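Please open the structure in your viewer, with the sequence panel beside it, and follow the stops below in order.

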Amino acid sequence: RVEAFEYTGGAHGMTTVTVGTLDRKTGCKLTVAELLSRTNLSAHQDAIKASIIQRLGGAENLLAPLTLTDNCYLAEDGLHFVYNPLEIACYAAGLIEVTIPYKK
């Protein structure tokens, strides 16, 4: 996890969080397609979208169509997806992180 903060003027600065899981053999960051079965990508996208819509209080609060991000990582409780401010919702929504438990 790497966090960066930048202020270039205006109403507020911008924090960007970059996360990932590294392949032990190659040392390269794994993509979401490598972490999930390609056949289950749409099912996971639906689960993530439902979690985000619930957190934001409705689909009308999404600023952009939701796609699975490679800004994700494996943890003990599941696969975490991290969306930075303004990536899919307004700045006030902040950093949006959703977890898909392994049992799902």
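**Stop 1: Phe5 and the first strand**

Select Phe5, which is exposed, with a relative accessible area of 61%; here buried means under 20% relative accessible area, exposed over 50% and partly exposed in between, using a 1.4 Å probe and protein chains only. Before going further, note that this is a predicted model, in which local features need pLDDT of at least 70 and side-chain atom pairs count only at pLDDT 80 or more, while totals for chains, interfaces and linings use all residues. Residues are numbered from 1 along each chain as its sequence is written, and side-chain values use heavy atoms, with hydrogens and water left out.

Phe5 lies in strand β1, where helices (H or I, at least four residues) and strands (E, at least two) are DSSP runs numbered from the N terminus. Colour residues 2-6 to see that β1 is hardly covered, since the count of buried residues among its five residues is zero. Then add residues 14-18, which form strand β2 and run antiparallel to β1, the two being joined by five bridges; two strands pair if DSSP finds at least two bridges between them. Within this pairing, Thr15 of β2 is the bridge partner of Phe5. If neighbours within four places in sequence are left aside, Phe5 is in contact (heavy atoms within 4.5 Å) with Gly13, Met14 and Thr15. For a sense of distance, draw a line from the C-alpha of Phe5 to that of Cys72, 67 residues apart along the chain, and the separation is 19 Å.

**Stop 2: helix α2**

Now select His44, which is placed in helix α2 and counts as buried at 12% relative accessibility. Leaving aside neighbours within four places in sequence, His44 is in contact with Leu36, Leu68 and Ile100. Ala11, by contrast, is 33 residues from His44 in sequence and 35 Å from it in space, C-alpha to C-alpha.

Extend the selection to the whole helix, whose 16 residues reach 22 Å from the first C-alpha to the last, close to the 22 Å expected at 1.5 Å a residue, where the expected span is 1.5 Å times one less than the number of residues. Which residues of α2 are buried? They are His44, Ile48, Ile52 and Leu56. Looking down the axis of α2, you will find its buried residues within an arc of 100 degrees, so they line one face of the helix; the arc is that of the directions from the helix axis to the C-beta atoms. The face turned away from the buried side carries the exposed residues Asp46 and Gln54, whereas what covers the buried residues of α2 includes β4 and β5. Just after α2, select Gly57, which takes a positive phi of about 85 degrees.

**Stop 3: strands β3, β4 and β5**

Move next to β4, which is mostly covered, six of its six residues being buried. On one side, strand β3 (residues 72-75) is joined to β4 by four bridges and runs antiparallel to it, with a hairpin of two residues connecting them and Gly78 of β4 as the bridge partner of Ala75. β4 also pairs with β5 in the antiparallel sense, over five bridges, and Phe81 stands opposite Val98 in β5.

In the loop between β4 and β5, select Leu86, which has a positive phi of about 75 degrees although it is not a glycine. Most residues other than glycine have a negative phi. Leu86 is partly exposed, with a relative accessible area of 44%.

**Stop 4: the nonpolar core**

Show side chains for Ile48, Ile52, Phe81, Tyr83, Ile88 and Ile96, which touch the most other members among the 17 residues of the largest nonpolar core. Such a core is a set of buried Ala, Val, Leu, Ile, Met, Phe, Trp, Tyr and Cys residues joined through side-chain atoms within 4.5 Å. The elements that give two or more residues to this core are α2 (41-56), β4 (78-83) and β5 (96-100). Centre on Tyr83, whose contacts, not counting residues up to four places away in sequence, include Ile48, Ile52, Leu66, Ile88 and Ile96.

**Stop 5: the cysteines**

How many disulfides does the structure hold? The count is zero, a disulfide being a pair of cysteine sulfur atoms within 2.5 Å. For Cys28, the nearest cysteine sulfur, that of Cys72, is 15 Å away. Cys28 is partly exposed, with a relative accessible area of 46%, and Cys90 also counts as partly exposed, at 38% relative accessibility.
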